[in-house]
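Welcome, and please take a moment to turn the model around before reading on. We will walk through it one region at a time, beginning with a single helix.

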Amino acid sequence: MKTAPAPLEIVAADGFELITADGRRLIDGMASWWSVCHGYGQPHVVEAVQQQLVRMPHVMFGGITHEPAERLASRLVTLLPGDLDHVFFADSGSVAVEVAMKMAIGYWQRHGKPTRNRFVAFDHAYHGDTTGAMSLCDPNRSMHASYGDAILTQRHCALPTDEVSTEVFARLLEQRRDTIAAVVLEPLVQGAGGMRFHDPETVARVRSLCDEFDVLMIADEIATGFGRTGTMFAIDACDVVPDILCAGKALTAGTMTMAVTVARQNVFDAFWSDHAEDALMHGPTFMANPLACAAANASLDLFETEPRVQQAREMEAQLRTGLEPCRDLPGVVDVRCRGAIGVIQVDRLPDVEQLRQRFVDAGIWLRPFGDCIYMTPPLNLPRELVDQLCSVVVTEVTRAFKEALAR
């Protein structure tokens, strides 16, 4: 934007800090959009990537396989619940969602129901920036709303959090079941749509109604996967198994782009055939990139050997205590925390660029958006740095709102 200040130039990242061109060190309270789950320059991840770089940085995944991909796939399906046993490697979170949509449509085509090619998503949803993924985002309250009918039209409704919204959701599935391929859900936390939380019972309710009306369920865990909400995957707290699950962001510990779309056996079986036309014809050039697989395997090593998920659970209480003073500020709507996620929701943000600059001047990096000031730090951010993040946020948000009232 012409009116926006110049972006902040970062020349290095070290541990939990970003280093600016003029030598300042900023605590990264966003883990580079949820992804740097172990901090920057983690030695085990760096070594794994360096070794893989020497051996084989890339090879096509068409008609070829390799050990890093096979090992990663086997480890992921061991971590995931139920029979989520078939892994498709994608380039990014948005692509993983596109592949999930393609799987769901293809599933029904191969069951003789080609009209089932639309999706149900929820108010405040965000599922990515590519064309298909955009169609799943809230059509009125997302950054894609201005594209209107240039993208596919899907069905949107409120999450089934109470009796009324559950009835609306159930009626939609019943009335549109001949056209619906799947319901797409961000379990427990709706991310870029407003950092909104819902409970495990809501996710279980979605699963139950999908079963009742014979609709597939897709869990978008791009943001919530790998410990962020206090369990390895958000669905682990919900006691459900989606038909398809998407994961990314923290998959490679923020080292490079990679995502996966994981399907249950019934979905995989629809494509398993002697006939080429039954195959899922989708093949990104860099799918199963060996460097990314090496980084992901190294990241999973750290989840096995270090208490990352426990650290996320413990951070929740610390964030809640640290951010609570903002609750009584005029203009603050809510303060909420889940796992390693802290959110201050306001009725409207004060001068957002000024607030970002104040955070930088105070030695932290956060990027407020919409009506939220939020943090998603590395899962192993030391307690004293979590306290520092919260202290700066409380101080600067209080200051910003007091100045706004004075005007």
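On one side of helix α6, Glu163, Val164 and Gln175 are exposed, opposite the buried residues of that helix. Please keep in mind along the way that this is a predicted model.

Which residues of α6 are buried? They are Ser165, Thr166, Phe169, Ala170, Leu172 and Leu173. Around the helix axis these buried residues cover an arc of only 155°, so they lie on the same side of α6. There they pack against β5 (118–122), β6 (155–157), β7 (180–185) and α7 (200–212). The length of the helix can be checked as well: α6 has 14 residues, which at 1.5 Å a residue should span 20 Å, and its end C-alpha atoms are indeed 20 Å apart.

Stay with α6 a little longer, and look for Arg171 and Glu167. Their side chains meet in a salt bridge, with 3.5 Å from N to O. Both residues lie in this helix (residues 163–176), four residues apart, or about one turn. It helps to recall that an α-helix has 3.6 residues a turn, so residues three or four places apart point the same way. Arg171 is partly exposed, with a relative accessible area of 36%, and Glu167 is also partly exposed, at 43%.

A similar arrangement can be found in helix α11 (residues 352–361), where Glu353 and Arg356 are three residues apart and thus separated by about one helical turn. The side chains of Glu353 and Arg356 meet in a salt bridge, at 3.0 Å from N to O. Is each partner buried or partly exposed? Glu353 counts as partly exposed because its relative accessibility is 30%, whereas Arg356, with a relative accessible area of 15%, is buried. Salt bridges that share partners also join Glu324, Arg327, Asp334 and Arg336 into one network.

How many salt bridges does the whole structure hold? A search finds 22 of them. One of these is formed by Asp83 and Arg264, whose closest N and O atoms are 2.6 Å apart. This pair links distant parts of the chain: Asp83 is in the loop between α3 and β4, Arg264 is in strand β12 (residues 259–264), and 181 residues separate the two. Asp83 counts as partly exposed, its relative accessibility being 23%.

Now let us turn to the aromatic rings. A pair of aromatic rings is described by the distance of the centres and the angle of the planes. The count for this structure comes to seven aromatic pairs. Among them is the pair of Phe61 and Phe89, which is edge-to-face, with 6.0 Å centre to centre and 90° between the planes. Where in the chain do Phe61 and Phe89 lie? Phe61 belongs to the loop between α2 (43–55) and α3 (67–79), while Phe89 belongs to strand β4 (residues 84–90), so the pair links distant parts of the chain, 28 residues apart. Phe61 counts as partly exposed at 22% relative accessibility, but Phe89 is buried, with a relative accessible area of 4%.

Elsewhere, Phe226, Phe233 and Phe303 form one aromatic cluster. Aromatic rings meet charged side chains too. Arg116 lies over the face of Trp108, at 3.7 Å from the ring centre. The charged end of Arg336 sits over the ring of Phe197, 5.7 Å from its centre. Arg336 is also a member of the salt-bridge network with Glu324, Arg327 and Asp334.

Back in the loop between α2 and α3, you will also find His66. At 6% relative accessibility, His66 counts as buried. Leaving aside residues up to four places away in sequence, His66 touches Met56, Val59, Phe61, Ala288, Pro290 and Cys293.

Our last stop is Ser94, in helix α4 (residues 93–109). Ser94 is buried, with a relative accessible area of 15%. Not counting residues up to four places away in sequence, Ser94 touches His127, Gly128, Asp129, Thr130 and Ala133. What separates the C-alpha atoms of Ser94 and Asp220 in space? The separation is 10.0 Å, although these residues are 126 residues apart along the chain.

Methods
Residues numbered from 1 in each chain as written. Predicted model: local features only at pLDDT ≥ 70, side-chain atom pairs only at ≥ 80, totals over all residues. Heavy atoms only, no water. Phe/Tyr/Trp six-rings, centres within 6.5 Å; stacked < 30°, edge-to-face > 60°. Buried < 20%, exposed > 50% of the residue type's maximum accessible area, 1.4 Å probe, protein only. Lys NZ or Arg CZ within 6 Å of the ring centre and 35° of its normal. Salt bridge = Lys/Arg side-chain N within 4 Å of Asp/Glu carboxyl O. Expected span 1.5 Å × (residues − 1). Arc of directions from axis to C-beta. Contact = heavy atoms within 4.5 Å.
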